[in-house]
Every structure is written in structure tokens, then in C-alpha cells.
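This report follows one helix and one strand through a single chain, and asks how each is placed among its surroundings. The sequence and the structure come first.

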Amino acid sequence: MSQFPAPAKAPVYFLHIPKTAGTTLIAFLDAQYARGDICPGQLLPELFALDRARVGDYQFYRGHLWHGVERYVGKPLQYLTMLRDPLQRTLSWYLHVRRNPDAYRHERMVSEQWSLLDFVNDPETRWDLLNTQTLFLAADLDFERLAADPVGYGQRTIRAYAERGHDPALLETAKRRLETMQFGIAERMEHSLSLLSHAFGFDPGMPAQRLNVSPNALAAPDIPADVRAAIEAATSMDRALYAWACERFSERFDAMVHSLVLKEAAREGCVGAAWRTPLQATSLEHIGVESVACSAALVANDTTRVRVTVRNDSDEVLSSRPPHPVHVAYHWVDAGSGVTVVHNGERTPLPAVLPAGGRLEMSACVRAPEHAGRFRLQVRLVQEGVSWIERAAPGEDPEVVVQAA
């Protein structure tokens, strides 16, 4: 995990995993910043050559700088990255090494006339393609040791990670870290640029040329079965990560589109459509009960009214209209044992439509538990036929003494 919690205005860091269309994305991202706001170090030796006292002055960092670079920079960063189909990334990496004299193992590849299968299977050198995307996200590097020996220490550390094979802990770490980032999918470049522009407030109109594209690219259908099997074995975690990321990306992209459609509908005065479908899962964390005012003593089974404030910091509209009305309801929980004694409390409809970003103070109906005791009143929202919305402000569940009737 990143060491710092990134605030909204934290500088942006594009963690560039090699051969994931990152050069194309960097050209788009560089256009969003003044030249002086962009850190010039895209490789670790370049970063470490900069004045350490000023390395934290930039607003945009990008390059093959691995995860955790904020520890060296000395301030929180907003992460973004790109993922690519592991088969296509491996093919692109092979062509890159074959044509680039400065690339690791280029000389052996040329002198020994390596085939793609040789490249994938060579036991001494293939560590740099084993689950590369997963390791770029999951590996933890000591940046002070890395600054002192970026090649030697860096290669030894990543080799050790690569030798762990299909370690579920690495895959879970990569997923967890990716979940906290904004990210794109190389095969969905236009959608990726739109989503990143929406998330960071970038200008989506900046041109995005396809740069650093491998010439004479290999077509996946032409790859022999044995070579394909070798690549799949070498990238097993990357394939699992990529499949998971594609699903998560689609969810985020769909949520963005839904949000923009709702905003446009609200702007055009067409908010009536907003409550006809279930609330988006991404909206639920921004909706809930903000405060509750309730008597500290009630009589068993008596009905009372409590004052509540409902918050709606989502982009959606809340309403108690069918077919999926949002109601105020409640749970009663035993204060001593924590056992829920009443789960489906009585419903109170919202007295008015609650627009995006709004607050609503209202009175809600509550019936006390049937038995005496000490209980906590958990006032919550529920979208009927869909789900409870359990968000509430910390410490806002009042304790109530219920007396026998």
C-alpha cells in the first residue's frame, strides 16, 4: 500500500509498466501540464540523478519507477497505470528487445538467433517477463537501497519476486493496490483516456497518437500452440490480474457514463428517470444518514418520531417513488451483546426528492423493541427490492433505554 493517503490535489504519478501503451498515454498526459511541472526522470537512474531537495516539487511523475516512489519523493501521489493483454504485452516485449541494442539480453538474442519460444523459456534471463504487470504493482522496493544501486539491487529484488511463481499473495496485493488507483486498459485506449480525464479533470480533447508501436508486430492468431502455452505459463498471474482489471474497468466506465447521463438529465430537467433503476454500487458510499436525534428513553413497543438528516453526496437523485423507492428505516441492536433484535424496522418515505449533493432533514417513524433493555438505534436507508444502504456518520447510533410497558 502507498505510505501516504493521497489528498484530492496530490501530484499525479503514472506508473508506467513497460509495453502497455504507456508512451502513447504519456504524450497525452504531458500535454496536461506545464513543462516545468513534469518530473524529467522516467527511469530510476534519471530520478536518482535529480536534486533530492527538489525532487518533490513536481506535479506530474511518470515512468518505470515502480510502486512506492512516493517514499522517495516525500509526499503523497495519486496513482494511475495501464494494463495490457499479457500475450500482446509479451509479443511486444520480444520485438522491443530484438530491435533495441540497449535492451537487456538483446545481444544474446541476436547472436544466438532466439525464437520467441527461446525468449520466453530461457531460465537465466526470463525473469523480466514473468508476471511483469503483477510485480510492478505488488513488489516492495527499498528506495534508499535502490538509489544506491538501482541496477544490482533492483534486479536481485525483482528476480526474487519472479521466482515466487504464482504466489496468490502477490496477486492479491496487486489487485488491492490497483483498486486504489485510476487505471486504463490498453485495448480500450479511447475509453481509458475518457475515464482518466473524468477522474483527474484532464482535457479530453488533447490528441493521443499511437506512439512507440512495435513494427512488424506479431499477430496472436499466428502464434504456435506450444509458444502460446509457454507465454500463458509465464504470465499466469498477469492473466488473472488482467481479467479482473477488465471487469473492474468496465464497472468504472459504466458508472462514469451513468453519472454523466444523470447530470445531463438533471441539467435538462429530466430527473424523473433517476429512480427507475437501482442505485449504482459506486454511489452507495456517498449516501446515508448523517445525524439522528432521538429520546434517550422509550417504552417497549411504543411508536415515536426521530429527527434525521439524510445526505446525498452521489451524482444520483433519491426518491421514494416506485419501483425502487428509497426509505428511511432502522435496526435495533442490543447495546450489550451487539445482537440485532430488530432488522427490518418500519419504513418512512422521503418527504421530497433529494437531488445530488443535497441534505434533507426529516422526521422518521420508529417503534421501540418489544422487550425492555438497552439498545442502539441504527437509522439507515433502504432501497426497496435492492439493498440496505448502511452508511452512517461515526458515533451517530444513539443508545436508548427501553422500559417495560
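In this predicted model, I231 lies in helix α12, which covers residues 225-234. I231 has a relative accessible area of 1% and is therefore buried, since the cut-off for that class is under 20%. Setting aside residues up to four places away in sequence, I231 touches L87, T90, L91, L116 and V120. E107, by contrast, is 124 residues from I231 in sequence, and the two are 22 Å apart in space, C-alpha to C-alpha.

A230 also has its place in helix α12. The relative accessible area of A230 is 11%, so this residue counts as buried under the 20% cut-off. Its contacts, leaving aside neighbours within four places in sequence, are L117, V120 and N121; V120 is thus named among the contacts of A230 and among those of I231. The C-alpha atoms of A230 and P18 are separated by 20 Å, and these residues are 212 apart along the chain.

How are the buried residues of α12 arranged around its axis? The buried residues of the helix are V227, A230, I231 and A234. They lie on the same side of α12, because the arc that they cover around the axis is only 100°. The face turned away from that buried side carries A225 and A233, which are exposed.

The second element is strand β12, residues 373-383, in which 8 of the 11 residues are buried, so that the strand is largely enclosed by the rest of the structure. Its pairings with other strands are set out below.

| Partner of β12 | Bridges | Sense | Opposed residues |
|---|---|---|---|
| β8 (residues 326-334) | 9 bridges | antiparallel | H327 and V382 |
| β14 (residues 399-403) | 4 bridges | antiparallel | R374 and V401 |
| β13 (residues 387-389) | 3 bridges | antiparallel | Q383 and S387 |

Strand β8 is joined to β12 by 9 bridges, and within this pairing H327 stands opposite V382. On β14, V401 stands opposite R374 of β12, in a pairing that comprises 4 bridges.

The pairing of β12 with β13 takes the form of a hairpin, with 3 residues between the two strands. G385 lies in the turn of this hairpin and has a positive phi of about 75°, while Q383 of β12 stands opposite S387 of β13.

Definitions and conventions:
Residues numbered from 1 in each chain as written. Predicted model: local features only at pLDDT ≥ 70, side-chain atom pairs only at ≥ 80, totals over all residues. Heavy atoms only, no water. Buried < 20%, exposed > 50% of the residue type's maximum accessible area, 1.4 Å probe, protein only. Contact = heavy atoms within 4.5 Å. Pairing = 2+ DSSP bridges. Arc of directions from axis to C-beta.
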